[in-house]
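Reader: Please pick one part of this model and take me through it closely. I want pairings, burial and backbone angles, in short sentences. Then follow the connections outward from there.

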Amino acid sequence: MRFSDLLDRTEAKELTQEAASEVLGISVRTFQRWAERYEAEGDDGLVDRRLGRRSPRRAPEEELERMLALYRDKYADFTVKHFHEQMQKRHDYVLGYTVTKLALHAAGLVRKAPKRSAHRKKRPRRPLRGMLLHQDGSRHVWIEGLPARDLIVTMDDATSEIYSMVLVEEEGTASTFQALREVIGEHGLFCALYTDRGSHYFLTPKAGEKVSKTQQTQVGRALSHLGIEHIAAYSPQARGRSERVFGTLQDRLPKELRLAGITTVEAANAWLKAHYIPGHNAAFAIKPEQEGTAFVADRHEAWREALCVIEERTVANDNTVAWNGRRLQLPQSRLRPHFVKAVVRLHEYPDGTVSVFLGPHRLAMFSANGQQISPDALQPGGVLGAVKDKPWRARKRASLTAPARAAVEKARVGTEKRASSRTKKLTHRAKTATTAVA
């Protein structure tokens, strides 16, 4: 009735076809087609001709029923997107995501998501890979049947690529070093690391205030040694990217581990590295703003001696060093007659072995139970390059203490022939005698 009234007004020149089309919310061409059908068929010409006709591209009912049955029986706790990915991956499913979602809505198996509210603007990403990495942990029941554990994730700010995922008993210095070893060993040194203010990351003199700029944890010391800036986050919102990643992981990862039949932490860590990380990055990583990378190769592998627990000890009167309730016996060395009262550095590595250093020199290496591994005090690679480049004799003299040098000089008297081109300095008495003879 409304169309016929507007058609009459356009024929009476009271309205233009453009104005009538705008009132009906249709295009001028549609208004003209409707006018032609109305004149030819009357009211029947205005009936929607799509009613009662099935689209030739409609999804097969059998495939939809198969999909709905699989969702009810096996994937009832999956999100629609995750479910659609698993259907394509495991069940040769070819229907699109939108068709799947609408069918699940129509069957009452999935509720429509509420409309999202506006949120604040995200911080711009760094333009290059390796400029800023995020590291964070989340405690959750990742493996069904096992207690909650911490998942340590290290990801790139520029692309949201995950470089390392490690399941550990509890987040701390050891887990941080393990993740950093994986990243640096595979990709190289990066520019900055963004973390929360956990006690293994930073020392905070007063709760709730800023972190200390002068006192460092083991992690802070290692990053400073490698030239990596350490940035502290002061709110969960500041760590928005890692928080959103953990939201995805807490929903997806336990289900993926269940489907893969993973029941132990060791198997989970191997599976994460070999299978889950590549698949996650393929689905969620984005292209960086600029091509190239900010990662730098560590050709001398300084990270191996930096990413470990380092502490100083004073050598006891019996040339032993106390470490974790054990006494480590230092062997004899050409560096000095003894090491009593000397301040040495102990490096504890992930496997529990310990090296004892005096300056750049590795004095000895011990197993986790305190047994000496390397009796030779000066091993290849135990002295820094700057010392290695010196001649052997200069290096030996530079390493000896004053009493030791005196003993060596005494032993050398009369044993080395002076070069013919060199002359001894004459004493005053010798000079006088020579003059008298002349």
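**A four-stranded sheet and its surroundings**

Author: L358 has H361 of strand 11 as its bridge partner. The model is predicted, so read every value as computed from it. L358 belongs to strand 10, residues 354-358, which is joined to strand 11 by five bridges. The two strands run antiparallel. Another facing pair across this join is F357 and R362. The link is short to describe: a hairpin with two residues between the strands. G359 sits in that turn, with a positive phi of about 60 degrees.

Now the other flank of strand 10. Four bridges tie strand 10 to strand 9, residues 343-348, again with antiparallel direction. L346 has V356 as its bridge partner there. Strand 9 and strand 10 also form a hairpin, this one with five residues between the strands. G352 of this hairpin takes a positive phi near 95 degrees.

How many residues of strand 10 are buried? Five of its five residues are. In a regular strand, side chains alternate between the two faces of the sheet. Strand 10 can be read that way: V354, V356 and L358 point in one direction, while S355 and F357 point in the other. Residues of both sets are buried.

Step back to the whole sheet. It is open, has four strands, and follows the order 6-9-10-11 with antiparallel pairing. Which strands stand at the edges? They are strand 6 (309-314) and strand 11 (361-366). Each has a single partner strand, so one side of each lacks a neighbour in the sheet. On average, neighbouring strands here are turned by 25 degrees against each other, direction ignored.

Strand 6 leads outward. It is among the elements that cover the buried residues of helix 8. Helix 8 spans residues 218-226, and Q218, V219, G220, A222, L223 and L226 are its buried residues. An α-helix has 3.6 residues a turn, so residues three or four places apart point the same way. The cover of helix 8 also includes helix 7 (173-187), strand 4, strand 5 (229-232) and helix 11 (303-306). Just after helix 8 comes G227, with a positive phi of about 80 degrees.

Strand 4 is the next step. Residues 192-195 form this strand, which runs parallel to strand 1 and is joined to it by two bridges. L133 faces L193 across that pairing. Strand 1, residues 133-140, also pairs with strand 2, residues 149-156. That pairing is antiparallel and has eight bridges. R139 stands opposite D150 in it.

Strand 1 and strand 2 also meet at a void. Rolling a probe the size of a water molecule over the atoms shows where empty space is left. A search of the whole structure turns up one cavity of 30 Å³ or more. Its volume is about 40 Å³. Strand 1, strand 2 and helix 9 (240-259) each give at least two residues to the lining. The lining residues are H134, Q135, D136, V153, M155, S242, V245 and F246. By class, four are nonpolar, three polar and one charged.

Helix 9 carries one more residue worth a stop: L257. Is L257 buried or exposed? It is buried, because its relative accessible area is 2% and the limit for buried is under 20%. Leaving out residues up to four places away in sequence, L257 touches W142, I143, I262, A268 and W271. The C-alpha atoms of L257 and A267 are 9.8 Å apart, with ten residues of chain separation.

Two loop residues deserve a backbone check. S160 is not a glycine, yet its phi is positive, about 65 degrees. S160 lies in the loop between strand 2 and strand 3 (162-168). At 11% relative accessible area, S160 is buried. N324 is likewise a non-glycine with positive phi, near 50 degrees. N324 lies in the loop between strand 7 (320-323) and strand 8 (326-329). N324 counts as exposed, at 51% relative accessibility.

Last, the overall frame. The protein has 15 helices and eleven strands. Of its 438 residues, 38% count as buried. Among contacts between residues at least 6 apart in sequence, 57% join residues at least 24 apart.

Conventions: Residues numbered from 1 in each chain as written. Predicted model: local features only at pLDDT ≥ 70, side-chain atom pairs only at ≥ 80, totals over all residues. Heavy atoms only, no water. Pairing = 2+ DSSP bridges. Axes fitted to C-alpha atoms, helices over the stretch in contact; angles between N-to-C directions. 1 Å grid on protein atoms, 1.4 Å probe; cavity = no way out; pocket = protein on both sides within 12 Å on 5 of 7 lines; lining within 4 Å. Points joined across faces, edges and corners; volume = space filled by probe spheres on them. Nonpolar A, V, L, I, M, F, W, Y, C, P; charged D, E, K, R; others polar. Buried < 20%, exposed > 50% of the residue type's maximum accessible area, 1.4 Å probe, protein only. Contact = heavy atoms within 4.5 Å.
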